[in-house]
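Welcome! Below are some short exercises, each followed by a worked solution. Take a look at the sequence and the structure, then work through them at your own pace.

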Amino acid sequence: MKKITAIVGNNADNSTNRKLIQYIAKRYTDLADIEIMEVRDFPMFNKPADMKLPDFVKEKIEVIENSDGVIFATPEYDHAPPAALSNALAWLTYGVYPFVSKPVLVTGASYGTLGSSRAQTQLRQMVRAPETRANVIPGADFLLNHSLQAFDEEGNLVDQDKVLLLDAMMNDFITYIDVNAQLVDAIAANKKAAVEHSWDQP
Ligand SMILES: Cc1cc2nc3c(=O)[nH]c(=O)nc-3n(C[C@H](O)[C@H](O)[C@H](O)COP(=O)(O)O)c2cc1C
């Protein structure tokens, strides 16, 4: 059984992105062992001078490293992923490289019409940063618009077309994890480039 980390990309108590991730974790138990990670649990990134990471962050890095894939659900704040998600990514890539060549699926939910499309586009770029270098599944867009109305009282998605789309995307993501596992030639070079990269060089 594949292991997937599913990241709730917002810190709001009533986050519909959390509902989306919880729905994914509940619905696809036959496809993968899905562990939820909350960005709100991370401390505020403070660029520790000695690059010494808090134990909590080290634990989360290990969880990502041991995952076969990572799913994000991001809201959109001012056309971008929110600070809480960016903060967690800073910790998870500060002198550590758990995302290199890791299969990633980006999803997101927003209250409005566009379903976090601009935030998702940015997030796909963020996870391709030199120290991150995740492999985002191509051709998979899950935009949950009008997300306040999207779930019933049991936390299930109401729109059956969205359910079918998510089913298809999750099946494809499992396939992509296997395909990605065959793309081994560049992994070592990518890891080396990530490790050798530093934003702190003057
Ligand atoms: C500070 C702030 C900025 C926002 N900016 C946008 C935006 O640029 N585009 C958009 O579609 N929604 C925007 N929204 C509304 C969000 O769609 C909504 O609050 C959030 O994505 C829902 O995610 P959540 O249910 O996980 O909290 C904004 C909300 C806040 C609080």
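Two residues are in contact if their C-beta atoms, placed from the backbone, lie within 7 Å. Please keep in mind that this is a predicted model.

**Exercise 1. Find which residues of helix α5 are buried, and which strands they pack against.**

Solution. Start with the helix itself: α5 covers residues 160–182, which makes 23 residues. From its first C-alpha to its last, α5 reaches 34 Å, close to the expected 33 Å. Next, pick out the buried positions of α5, which are Leu166, Met169, Met170, Phe173, Tyr176, Ile177 and Asn180. Finally, look at what these buried residues pack against: β1 (2–8), β3 (69–74), β4 (103–109), β5 (135–136) and β6 (142–144).

**Exercise 2. Check the span of helix α1 against the expected value, then list its buried residues.**

Solution. Helix α1 runs over residues 16–27 and has 12 residues. At 1.5 Å a residue it should span 16 Å, and its end C-alpha atoms are indeed 16 Å apart, so the two values agree. The buried residues of α1 are Thr16, Asn17, Arg18, Lys19, Leu20, Ile21, Tyr23 and Ile24. Their cover includes β1, β2 (32–38), β3, β4 and β6.

**Exercise 3. Work out why β4 is described as largely enclosed.**

Solution. Count the buried residues first: seven of the seven residues of β4 are buried, so the rest of the structure largely encloses this strand. Then take the faces in turn. In a regular strand the side chains alternate between the two faces of the sheet. On one side of β4 you find Pro103, Leu105, Thr107 and Ala109, and on the other Val104, Val106 and Gly108, all of them buried. Now turn to the partner strand: β3 and β4 run parallel and are joined by five bridges. Across this pairing, Ala73 stands opposite Thr107 in β4.

**Exercise 4. Locate the largest nonpolar core and follow one of its residues.**

Solution. The largest nonpolar core has 49 residues. Among those with the most contacts inside it are Ile24, Phe72 and Val104. Choose Phe72 and set aside its neighbours within four places in sequence: the contacts that remain are Ile7, Gly9, Val104, Val106, Thr107 and Leu123. As background, nonpolar side chains tend to be buried together in soluble globular proteins.

**Exercise 5. Decide whether Met51, Ala129 and Arg133 are buried, partly exposed or exposed.**

Solution. Met51 lies in the loop between β2 and α2 (55–65). Met51 has 10 C-beta neighbours inside 10 Å, so it counts as exposed. Ala129 is in the loop between α4 (117–126) and β5. With 15 such neighbours inside 10 Å, Ala129 counts as partly exposed. Arg133 is also found in the loop between α4 and β5. Arg133 has 21 other C-beta atoms within 10 Å, so it is buried. For the backbone, note that phi is near 60° for Met51 and near 55° for Arg133.

**Exercise 6. Describe the surroundings of Ser116 and of the ligand.**

Solution. Ser116 sits in the loop between β4 and α4. It is buried, with 32 other C-beta atoms within 10 Å. Leaving aside neighbours within four places in sequence, its contacts include Pro75, Ser110 and Leu143. As for the ligand, 16 residues surround it, and the closest are Ser15, Thr16, Asn17, Pro75 and Ser110. Sorted by class, this shell has six nonpolar, eight polar and two charged residues.

Key
Residues are numbered from 1 along each chain as its sequence is written. This is a predicted model: local features need pLDDT of at least 70, side-chain atom pairs count only at pLDDT 80 or more; totals for chains, interfaces and linings use all residues. A residue is near a molecule or strand if its C-beta atom, placed from the backbone, lies within 6 Å of it. Ala, Val, Leu, Ile, Met, Phe, Trp, Tyr, Cys and Pro count as nonpolar, Asp, Glu, Lys and Arg as charged, and the others, Gly among them, as polar. Helices (H or I, at least four residues) and strands (E, at least two) are DSSP runs, numbered from the N terminus. The expected span of a helix is 1.5 Å times one less than its number of residues. A residue is buried if 20 or more other C-beta atoms lie within 10 Å of its own, exposed if 12 or fewer, and partly exposed in between; C-beta atoms are placed from the backbone. A nonpolar core is a set of buried Ala, Val, Leu, Ile, Met, Phe, Trp, Tyr and Cys residues joined through C-beta atoms within 7 Å. Two strands pair if DSSP finds at least two bridges between them.
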